[in-house]
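Biologist: I would like to go through this model with you piece by piece, beginning with the overall fold and then moving to single residues. Could you take my questions in that order?

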Amino acid sequence: MIGGRVKALMKEQGYTQRELAEMCGITETAMSRYLNNERQPRLETVANLATALNTTSDYLLKGTEPEKDFANVYRLVARSVSTMTDEEKLKLVKVITEEVGKD
């Protein structure tokens, strides 16, 4: 379910429930309900979660691993670059260069 995938990504990226809720423009109570699979988020919220967690909506909804290609990376960046801090942009560049080095 979506809650488990979101929880795992939150832990991996070091976000608290409150931080992620703020990033997605929802209340902490709503986030709690999504994390505990008590409610299903609207598609707009799923898209916001995917952006905040640097993943895809498909992964959050279905567990489908995103393909590691630049088209997916470009879409993720394009959705959120205007709201990213310089620190987040540097982190993204680091992750991308590490992934490219693995290929």
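Biologist: How many helices and how many strands does the protein chain have?

Modeller: Please keep in mind that this is a predicted model. Read along the sequence, the chain follows the pattern α-α-α-α-α-α-α. The count for the protein chain is therefore zero strands and seven helices.

Biologist: What percentage of the residues in the protein chain is buried?

Modeller: A residue counts as buried when its relative accessible area is under 20%. The accessible surface of the chain comes to about 7100 Å², and 53% of that surface belongs to carbon and sulfur atoms. Of the 103 residues in the protein chain, the buried ones make up 31%.

Biologist: Which residues have the most contacts inside the largest nonpolar core?

Modeller: In soluble globular proteins, nonpolar side chains tend to be buried together. Here the largest nonpolar core has 20 residues, and at least two of them come from each of helix 1 (2-13), helix 2 (17-24), helix 3 (28-35), helix 4 (43-52) and helix 5 (57-62). Those with the most contacts inside this core are Val6, Leu20, Ile26, Met31, Leu49, Leu53 and Leu60.

Biologist: Which residues does Val6 touch, not counting those up to four places away in sequence?

Modeller: Val6 is one of the residues with the most contacts inside the largest nonpolar core. Once residues up to four places away in sequence are set aside, the partners that Val6 touches are Leu20, Leu35, Leu49, Leu53 and Leu60.

Biologist: On one face of helix 2 or spread around it, where do the buried residues of helix 2 lie?

Modeller: The residues in question are Leu20, Ala21 and Cys24, which are the buried residues of helix 2. Seen down the axis of helix 2, they fall within an arc of 100 degrees, so they line one face of the helix. What covers them includes helix 1, helix 3 and helix 4. On the other side of helix 2, the exposed residues are Arg18 and Glu22.

Biologist: Why do the buried residues of helix 3 count as being on the same side?

Modeller: Helix 3 has Ala30, Met31, Tyr34 and Leu35 as its buried residues. They are placed on the same side of helix 3 because the arc they cover around the axis is only 135 degrees. Their cover includes helix 1, helix 2 and helix 4.

Biologist: Roughly parallel or roughly perpendicular, how does helix 2 run relative to helix 3?

Modeller: The axes of helix 2 and helix 3 come within 9 Å and cross at roughly 110 degrees. Angles of 65 to 115 degrees count as roughly perpendicular, which makes helix 2 and helix 3 roughly perpendicular. From helix 2 the contact involves Gln17, Arg18, Leu20 and Ala21, and from helix 3 it involves Glu28, Met31, Ser32 and Leu35.

Biologist: Buried or exposed, how does Gln13 of helix 1 count?

Modeller: Gln13 has its place in helix 1. Leaving aside neighbours within four places in sequence, Gln13 is in contact with Ala52, Leu53, Asn54 and Lys91. The relative accessible area of Gln13 is 17%, and the cut-off is under 20%, so Gln13 counts as buried.

Biologist: Which residue just after helix 3 takes a positive phi?

Modeller: The residue lies in the loop between helix 3 and helix 4, and it is something other than glycine, with phi near 55 degrees. Its relative accessible area is 31%, so it counts as partly exposed. The residue is Asn37.

Biologist: Which residue with a positive phi follows helix 4?

Modeller: Within helix 4 itself, Thr45, Val46, Leu49, Ala50, Thr51 and Ala52 are buried. The residue you ask about lies in the loop between helix 4 and helix 5, and it has a phi of about 55 degrees although it is not a glycine. At 45% relative accessibility it counts as partly exposed. The residue is Asn54.

Biologist: How far apart in space are Ala30 and Gln40, C-alpha to C-alpha?

Modeller: Ala30 belongs to helix 3 and is buried, with a relative accessible area of 15%. Ala30 and Gln40 are ten residues apart in sequence, and their C-alpha to C-alpha distance is 9.7 Å.

Conventions:
Residues numbered from 1 in each chain as written. Predicted model: local features only at pLDDT ≥ 70, side-chain atom pairs only at ≥ 80, totals over all residues. Heavy atoms only, no water. Core = buried A, V, L, I, M, F, W, Y, C linked by side-chain atoms within 4.5 Å. Buried < 20%, exposed > 50% of the residue type's maximum accessible area, 1.4 Å probe, protein only. Helix = DSSP H or I, 4+ residues; strand = E, 2+ residues; numbered from the N terminus. Contact = heavy atoms within 4.5 Å. Areas by Shrake-Rupley, 256 points an atom, 1.4 Å probe, with all protein chains shown as cover. Arc of directions from axis to C-beta. Axes fitted to C-alpha atoms, helices over the stretch in contact; angles between N-to-C directions. Parallel < 35°, antiparallel > 145°, perpendicular 65-115°, else oblique.
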